[in-house]
Amino acid sequence: MKKTIIAAALILLAGCAPKTEQQQTTFVSDQSAPIVEVMTVSKQSVPQDQVYSATIQAYVVNNIAPQTAARIHEINVEVGDFVTVGQVLAEMDRLQLDQAGLKLKNAEDEFQRLEQLYLEGGVSQSDFESMQLSYNVSKSSYDNIYENTILKSPVNGVITARNYDKGDMYSMAQPIFTVQQITPVKILVPVSESDYTKVKRGDRVNLTVDALPERNFVGSVVRLHPTMDAATHTFYVEVQVSNENRALRPGMYARVKINFGDTFNVVVPDDAVVKLQGSGLRSVFVLGEDNVATLKNVTLGRHYDSKYEILSGLEGGETIVVKGQAVLKSGVKVEVKQ
């Protein structure tokens, strides 16, 4: 009986003993308010731009070849040569051209003789007009043969392909040369149909290319294609870049940034946005009365410069938590870091 009383007394004393240091620390921690950093949000101008991938194209591509098969007499340029409008690129066999030239000279002499007689009243008007028609036909025939014998460049550009050598017989299988105009260049940008009304001719665009990562280029919208691609629901926006120094070349991979104007919405740091795992919800902690943090769902817009545009959920003027929200729960009172 005496031992039982002593054991009960010891248990009572143990229950009344002071808590350990670890127990005291845990108790204090559970009762303290989380320390957070906050900011007051406001509406700002948000640029609505999008980046699209596209390939640079030549402004004009011309395939240089005669109308009929013939022997190539001269090749005057090589791949990579820059050429100007009217520059002779190649000459074909001149036999037909020389024959047409003789025929034209005879027709011209006869026309001039009859013209003088007609002015003096020596021939009828019908004979004169018949000779005039014959001369015009000869002139047109000569001009056509000349254009298909002396092959000239129709544009200022660069030779990007040569498929024959001097002395080859042109077989009409492929052009002798390909000339591409690269000042300016153009880019066909596939833009979503939802942005169709946001683009207009004259809009300024910026672009970069992987081949020249340190440089930025400026172009403008020159044409909007009138039809949509039914499979991708996109339409083409044609962008033109002056390319005066010829740095851009057809085939380069480009990233084109088009600005669709600005909106005026609330902007928050991206660190302030809480992403709930397993759902598509995005939220922020809003500080209310007595420093109570409440989780509020928001709709995100553009992400730029480490910030999010908020389309709905915040009106501006609210105080939100920007640091320390990882350990917060909605309805918890917090301490604001000074």
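The following exercises, each with a worked solution, concern a predicted model.

**Exercise 1. The open sheet**

Determine the order in which the four strands of the open sheet are arranged, and identify which strands stand at its edges.

Solution. Begin with the pairing between strand β3 (residues 70-75) and strand β5 (residues 88-92), which is antiparallel and spans three bridges. Within this pairing, E74 has E91 of β5 as its bridge partner. Next, follow E91 to the other neighbour of its strand: its bridge partner in β6 is I150. Strands β5 and β6 are likewise antiparallel and are joined by three bridges. With β8 included, the order reads β6-β5-β3-β8, and the pairing is antiparallel. Strands β6 (150-152) and β8 (169-170) each have a single partner strand and therefore stand at the edges, with one side of each left without a neighbour in the sheet.

**Exercise 2. Salt bridges across the sequence and within a helix**

For the salt bridges K166 to E74, D210 to R255 and D109 to K105, establish where the partners lie.

Solution. The count for the structure is 13 salt bridges. As a general principle, side chains of opposite charge can pair when their charged atoms come close.

Step 1. K166 and E74 form a salt bridge with an N to O distance of 3.5 Å. K166 belongs to the loop between β7 (157-162) and β8, whereas E74 belongs to strand β3, so the pair ties together parts 92 residues apart in sequence. K166 is exposed, its relative accessible area being 55%; E74, at 25%, is partly exposed.

Step 2. In the salt bridge between D210 and R255, the closest N and O atoms are 2.4 Å apart. D210 is placed in the loop between β10 (204-209) and β11 (212-224), and R255 in strand β13 (residues 253-269), so this pair ties together parts that are 45 residues apart in sequence. Both are partly exposed: D210 has a relative accessible area of 42%, and R255 has 35%.

Step 3. The closest N and O atoms of D109 and K105 are 3.0 Å apart, and the two residues form a salt bridge. Here the partners are four residues apart in helix α3 (residues 95-120), a separation of about one helical turn. D109 is partly exposed at 35% relative accessibility, and K105 is partly exposed at 42%.

Step 4. Salt bridges may also be linked to one another: E78, R162 and D165 form such a network.

**Exercise 3. Aromatic rings**

Classify the geometry of the ring pair Y164 and Y170, and state whether these residues are buried or exposed.

Solution. The whole structure contains six aromatic pairs. For Y164 and Y170, the ring centres are 5.7 Å apart and the planes meet at 70°, so the pair is edge-to-face. The cut-off needed for this step is a plane angle over 60 degrees. Y164 and Y170 are both buried. Elsewhere, F111, Y118, F128 and Y135 make up one aromatic cluster.

**Exercise 4. The surroundings of V209**

Describe the location of V209, and list its contacts beyond the neighbours within four places in sequence.

Solution. V209 is part of strand β10. Its relative accessibility is 2%, which counts as buried. Outside the excluded neighbours, V209 contacts I56, F217, L248, M252, Y253 and A254. One of these contacts can be examined further: Y253 is 44 residues from V209 along the chain, yet their C-alpha atoms are separated by 5.8 Å.

**Exercise 5. Backbone exceptions**

Locate R246, D290 and P184, and state the backbone feature associated with each.

Solution. Most residues other than glycine have a negative phi, and most peptide bonds are trans.

Step 1. R246, which is not glycine, has a positive phi near 60°. The residue occupies the loop between β12 (234-241) and β13, and is partly exposed at 36% relative accessible area. The side chain of R246 also lies over the face of F82, 3.8 Å from the ring centre.

Step 2. D290 likewise has a positive phi, of about 60°. Its place is the loop between β15 (282-287) and β16 (292-304), where D290 is exposed at 61% relative accessibility.

Step 3. P184 is located in strand β9 (residues 177-192). The peptide bond joining T183 and P184 is cis, with omega about 10°.

Conventions: Residues numbered from 1 in each chain as written. Predicted model: local features only at pLDDT ≥ 70, side-chain atom pairs only at ≥ 80, totals over all residues. Heavy atoms only, no water. Phe/Tyr/Trp six-rings, centres within 6.5 Å; stacked < 30°, edge-to-face > 60°. Buried < 20%, exposed > 50% of the residue type's maximum accessible area, 1.4 Å probe, protein only. Lys NZ or Arg CZ within 6 Å of the ring centre and 35° of its normal. Pairing = 2+ DSSP bridges. Helix = DSSP H or I, 4+ residues; strand = E, 2+ residues; numbered from the N terminus. Salt bridge = Lys/Arg side-chain N within 4 Å of Asp/Glu carboxyl O. Contact = heavy atoms within 4.5 Å.
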